[in-house]
Amino acid sequence: QVQLVESGGGLVQAGGSLRLSCAASGRTFSIYAMGWFRQAPGKEREFVGRIRWSGGRTYYADSVKGRFLISRDNAKNTVYLQMNSLKPEDTAVYYCAADLTGIGQYTSWGQGTQVTVSS
């Protein structure tokens with residue numbers, strides 16, 4: 001199994017930036033890709049973006065494209081979510097998740113970190 005721990009959440013003003021980290025441990029050699037998701041109060045969980053563990057290819061939801069950037073440091077087994085030009089509607093609990101299957105099924109999840117963007 002893979003264990004994930006997010007960090008870096010907090011309160012930021014609209015237009016500001018924040019970087020989230022997701023540290024992976026355990027069977028990290030089995031990770032195919034890492035994804036970021038978010039869930040706002042009263043809303044369903046939303047896909048934010050994804051990065052291939054090998055090669056680093058990324059994919060983003062339209063809602064964050066051009067503002068968010070996902071990167072990874074394989075030596076540290078850590079994935080990052082750089083969030084720029086933040087908007088109040090980006091307020092949510094952000095989760096990272098590991099895809100061990102290669103078919104978009106996320107089987108390991110972090111505990112989540114709160115991001116609040118004030119207007």
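This is a short tour of a predicted model, one selection at a time.

**Stop 1: strand β8.** Select residues 78-83, which make up strand β8. Is this strand mostly covered or mostly open? Mostly covered: five of its six residues are buried.

**Stop 2: the partner on one side of the pairing list, β3.** Add residues 18-26, strand β3. β3 and β8 run antiparallel, and six bridges join them. To see one of these pairings, pick Leu-20 and look across to β8. The bridge partner there is Leu-81.

**Stop 3: strand β7.** Now select residues 68-73, strand β7. β7 also pairs with β8 in the antiparallel sense, over six bridges. Which residue of β8 is the bridge partner of Ser-71? It is Tyr-80.

Follow the chain from β7 into β8. The two strands form a hairpin, with four residues between them. Stop at Asn-77 in the turn, where phi is positive, at about 50 degrees.

**Stop 4: the core.** Nonpolar side chains tend to be buried together in soluble globular proteins. Here, the largest nonpolar core holds 29 residues. Select Leu-4, Met-34, Trp-36, Phe-68, Leu-81, Met-83 and Tyr-94: these touch the most other members. Elements giving two or more residues to this core include β1 (2-7), β4 (33-39), β5 (46-52) and β11 (113-118). The strands already visited, β3, β7 and β8, also give two or more residues each.

**Stop 5: Tyr-94.** Zoom in on Tyr-94 and show what surrounds this residue. Beyond four places away in sequence, Tyr-94 touches Leu-20, Phe-68, Leu-81 and Met-83, among others. Its contacts also include Glu-6, Arg-38, Gly-112 and Thr-113.

**Stop 6: Thr-91.** Step back to Thr-91, in the loop between β8 and β9. Show the side chain. It reaches the backbone oxygen of Pro-88 at 2.9 Å. The side chain of Thr-91 also reaches the backbone nitrogen of Val-117, at 2.9 Å. Leaving aside neighbours within four places in sequence, Thr-91 is in contact with Ala-40, Gln-114, Val-115, Thr-116 and Val-117.

**Stop 7: Ser-119.** Finish at Ser-119, in the segment after β11. Why does Ser-119 count as exposed? Because its relative accessibility is 88%, and exposed means over 50%. Ser-119 still has contacts further along the sequence than four places: Ala-14 and Pro-88. Pro-88 appeared at the previous stop, where its backbone oxygen was reached by the side chain of Thr-91. Last, select Lys-43 together with Ser-119. They are 76 residues apart in sequence and 20 Å apart in space, C-alpha to C-alpha.

Key: Residues are numbered from 1 along each chain as its sequence is written. This is a predicted model: local features need pLDDT of at least 70, side-chain atom pairs count only at pLDDT 80 or more; totals for chains, interfaces and linings use all residues. Side-chain values use heavy atoms; hydrogens and water are left out. Buried means under 20% relative accessible area, exposed over 50%, partly exposed in between (1.4 Å probe, protein chains only). Two strands pair if DSSP finds at least two bridges between them. A nonpolar core is a set of buried Ala, Val, Leu, Ile, Met, Phe, Trp, Tyr and Cys residues joined through side-chain atoms within 4.5 Å. Contact means heavy atoms within 4.5 Å. A polar contact is a pair of N or O atoms within 3.5 Å; within protein, one must be able to donate a hydrogen and the other to accept it, and residues adjacent in sequence count only if both atoms are side-chain atoms.
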